[in-house]
Amino acid sequence: MTAISTTAALRDTTAVPSTGRRIWNVTRLHFANRFSMIALPWIIIGFIYLVNLVIWISIFASTHEQLTGTQWSGSTMYIFVYFGIAAVQAMNLTFRFAMGMSATRRDYYLGTVVAFALQGLLFTAVCTLLSYVEDWTNGYGMSAHMFSNIYMGTGPLWQRLFTAFFAFMFCFALGALAGSVFVRWRSNGLYLLGAIVAVLGVGFVAVTTLTGSWPAVGAWFADSRTVGVVAWLLIPMVVSAVIGYFVLRKAPSRA
Amino acid sequence: MTDTATPVVEVSGLTKRFGDVVALDDVTLTVRPGAITGLLGRNGAGKTTLMQTITGQDFANSGEIRVFGEHPVENAKVLSRISFIKEGQKYPDEFKAKHVFACAPWFYENWDAEFAAQLIDDFQLPVNRRIRKLSRGQLSAVGVIVGLASRAPLTFFDEPYLGLDAVARQTFYDRLLADYGEHPRTIILSTHLIDEVANMLEHVVVIDRGRIIMDESADSARESATTVVGPRGAIDAFVAGRRVLHREGIGGLASVTVERLDADERREALAAGLELAPVSLQQLIVRTTNSATTDFGAEEPSSIKEGTRS
C-alpha cells in the first residue's frame with residue numbers, strides 16, 4: 001500500500017470537463033462515424049431525388065408539357081420519418097456506449113439534442129436552398145417540384161426555414177421520446193407508448209366524428225397552412241422532448 | 001490495513017432487487033485507493049450488479065453509495081474519473097474499433113493515445129473492421145485497451161477477457177501491472193480466472209448470492225486456510241474441534257482444509273507427521289462458496305459440510 005499518495009495525486013489532478021464540453025463530447029460521439037449520421041441521410045435524399053428526376057424527365061419527354069401536381073410531392077417526408085427512426089436507433093445504440101464512456105444521462109440527452117439540431121440545421125439549409133433552385137429554374141424547366149413543395153418549400157424565406165427545421169425537430173423529439181422509452185423499458189415500454197398514441201389518435205377521430213367537426217378540422221388545416229400547423233406542433237415537440245429527458249434520466253444501462 | 005486514506009468507494013446497506021431476485025443483499029464494502037482489488041464470485045453472485053450500481057449505471061433499491069466521497073449517480077465529477085469496462089459493452093452498430101478509440105479521449109482526461117496504439121499493436125486488433133465483425137476475443141481487446149489507456153483513477157474490469165487466449169490474457173496482465181506501477185490507481189477486477197490473477201491482487205472481495213463473504217488483503221486471505229495431508233487417523237485427531245472447510249480422502253489418506261493455523265498449531269501438525277500445504281486463492285474461494293465435500297473413501301459417511309465441526 002505504498003502507492004496511496006501518488007494515487008491521491010493522480011486523482012486530484014484529474015480535471016472535470018465543463019458542462020458545455022461534456023455535452024459537446026456526446027454530440028461529437030454521434031458524429032464519430034460519419035457514414036450513418038452524415039452520409040446515409042444524404043444518400044437517401046439523393047436517391048429519392050434521382051428517382052423523381054427520372055420520372056419527371058420520362059413524363060416530360062413523352063408529353064412535352066410542363067408537369068402538373070408535383071408541388072404536392074411528399075418525397076421529402078421520407079427524410080423526416082427517417083430522422084425520427086434514426087433518433088430511436090441512435091439512442092438505443094449510443095446510450096449504452098456513452099454510459100460505458102462514463103457520460104451522465106443528462107449530458108447524453110442534451111448532447112443528443114444538439115447533434116440532431118445540427119442535423120436539422122444542415123437539412124433545413126440544403127432543402128431551402130434547393131427549393132429556391134427549383135423556383136429560379138422553373139422546376140428544372142419542367143415545373144418539377146420536390147423541395148419547393150407546397151408544404152414547406154413555398155412562401156417567404158423565414159417560412160421555409162421555420163417549417164423545415166421545426167418539422168424536423170418535431171420528428172426528432174418523437175424519436176427521442178420513443179428512444180428513451182425503449183432504453184428504459186425495452187419493447188414493453190414502446191408497446192405501451194404506441195397504445196397511448198393510438199388511444200389519443202382514435203379518441204380524436206371519435207370526438208371529431210361524433211361532433212361532426214371534420215369540416216372544421218379541414219378548415220383549420222387550410223387556414224393555418226403548414227406554417228401554422230408546424231407552429232402548433234411546437235407544443236407536442238417540447239412536451240415529448242421534456243418527457244423523453246425525464247424518462248431517460250432513470251434508465252438503467254445494463255449489458 | 002491501517003491506512004487512513006479516504007476510501008475511493010464506500011458502500012453501505014446496498015440492496016438491489018430484480019423482481020423477486022435479490023441481486024445485492026445489504027452489501028457494505030469499502031475500497032481503499034491505490035490497490036488492485038479482485039471482486040470474485042460465481043456467476044450470478046452479484047459482481048456485475050455491484051459494479052453497475054457503484055458506477056451509477058443502475059439504481060440501487062436502498063443503501064448508500066459514495067465514490068470519491070460523493071453520490072455517483074448522474075454525477076459528472078465522479079463519473080469522469082471512472083472507467084468501467086464490462087464484458088457485455090454495446091457499441092453503435094456501424095462503429096469500427098478506431099471510432100471507439102477516437103471517442104475515448106473526449107471522455108477520459110488521462111487518455112494516453114500512444115499507449116493505446118501500442119496496445120492495439122500488442123493485441124493485433126484490426127481497428128478498421130466493424131465491431132460487429134470482430135471475434136469475441138477481439139471485442140474483449142477493445143474494452144481492455146480502453147480500460148488501460150484511459151488511466152482513470154478508478155478503473156473497473158468486469159470479466160474483461162472473454163474469448164482472449166492465454167497469450168493475450170498474459171499480455172493484459174503484464175501491461176496492467178506495468179502501467180499500474182507507473183501510474184498507480186484503484187483497479188477493481190472481476191473474474192472467474194482466479195488463479196491467473198491471484199498474484200496481482202492486493203485485496204480480495206468475495207461475493208456470494210448477493211452478500212460479501214470475504215473482504216481482506218490477499219495475503220491474509222491466503223493464510224486464512226491451510227490444507228493438512230496425512231493418514232486418516234492422524235488427520236481426524238488433528239482436526240477435531242476445528243472448522244473444516246473441505247475434506248477429501250482416498251483410502252487411508254485424508255486431505256483436509258482447515259482455517260488459519262498459528263505457529264504452534266503448525267508445529268503440532270508437523271510433529272504428528274502431517275504435511276501442510278498452502279491453499280490457492282481459487283481453492284479457498286471454491287471452498288468458501290461451495291459447501292460440497294468429496295470423499296472417495298467408502299467406509300465412512302461423507303457428511304462433513306462447511307460450518308459443521310467434525
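Helices (H or I, at least four residues) and strands (E, at least two) are DSSP runs, numbered from the N terminus. The structure is a predicted model, in which local features need pLDDT of at least 70 and side-chain atom pairs count only at pLDDT 80 or more, while totals for chains, interfaces and linings use all residues. Residues are numbered from 1 along each chain as its sequence is written, and chains are lettered from A and ligands numbered from 1 in the order in which they are written.

**Exercise 1. Describe the overall make-up of chain B.**

Step 1. Chain B contains eleven helices and 13 strands.

Step 2. Along the principal axes, its C-alpha atoms fill a box of roughly 65 × 40 × 40 Å.

Step 3. A residue is buried if 20 or more other C-beta atoms lie within 10 Å of its own, exposed if 12 or fewer, and partly exposed in between, with C-beta atoms placed from the backbone. Of the 310 residues of chain B, 43% are buried.

Step 4. Two residues are in contact if their C-beta atoms, placed from the backbone, lie within 7 Å. Among contacts in chain B with a separation of 6 or more, 68% join residues 24 or more positions apart.

**Exercise 2. State which domains chain B has and characterise the contact between them.**

Step 1. The assignment, which is automatic or taken from a database, gives domain 1 (9-221) and domain 2 (224-289) of chain B.

Step 2. The centres of these two domains, taken over C-alpha atoms, are 35 Å apart.

Step 3. Domain 1 of chain B gives 14 residues to the contact and domain 2 of chain B gives eight residues.

Step 4. On the side of domain 1, two or more residues come from each of α7 (194-197), β8 (203-208), β9 (211-217) and α8 (218-223) of chain B.

Step 5. For classes, Ala, Val, Leu, Ile, Met, Phe, Trp, Tyr, Cys and Pro count as nonpolar, Asp, Glu, Lys and Arg as charged, and the others, Gly among them, as polar. The side of domain 1 of chain B that touches domain 2 of chain B then has nine nonpolar, two polar and three charged residues.

**Exercise 3. Analyse the pairing of β8(B) with β9(B).**

Step 1. Two strands pair if DSSP finds at least two bridges between them. β8(B) and β9(B) are joined by six bridges in the antiparallel sense.

Step 2. Opposite Val204(B) stands Glu216(B) in β9(B).

Step 3. The hairpin has two residues between the strands, and Arg209(B) takes a positive phi near 50° there.

**Exercise 4. Determine the strand order of the open four-stranded sheet of chain B and the placement of α9(B).**

Step 1. The order is β11-β12-β10-β13 (chain B), with antiparallel pairing.

Step 2. Because β11 (244-250) and β13 (275-278) of chain B stand at the edges, each with a single partner strand, one side of each is left without a neighbour in the sheet.

Step 3. From one strand to the next, the twist averages 20°. Axes here are lines fitted to C-alpha atoms, for helices over the stretch in contact, and angles run from 0 to 180 degrees between N-to-C directions.

Step 4. β10 (residues 225-231) of chain B pairs with β13(B) in the antiparallel sense over four bridges, and Thr226(B) has Pro278(B) in β13(B) as its bridge partner.

Step 5. Helix α9 (residues 232-239) of chain B lies across β10, β11 and β12 (253-259) of chain B, at about 140° to β10(B).

**Exercise 5. Establish the surroundings of Thr37(B) and of helix α1(B).**

Step 1. Thr37(B) belongs to strand β3 (residues 36-40) of chain B, and it counts as buried because it has 24 C-beta neighbours inside 10 Å.

Step 2. Neighbours within four places in sequence aside, Thr37(B) is in contact with Val31(B), Ile188(B), Leu201(B), His203(B) and Val205(B).

Step 3. The C-alpha atoms of Thr37(B) and Met200(B) are separated by 8.8 Å, although the two are 163 residues apart along the chain.

Step 4. In helix α1 (residues 47-54) of chain B, eight of the eight residues are buried, so this helix is largely enclosed by the rest of the structure. Gly56(B), which follows α1(B), has a positive phi, near 75°.

**Exercise 6. Quantify the contact of chain B with chain A.**

Step 1. The contact involves 41 residues of chain B and 37 residues of chain A.

Step 2. α3(B) supplies the largest share of the chain B side, six residues.

Step 3. This side divides into 18 nonpolar, eleven polar and twelve charged residues.
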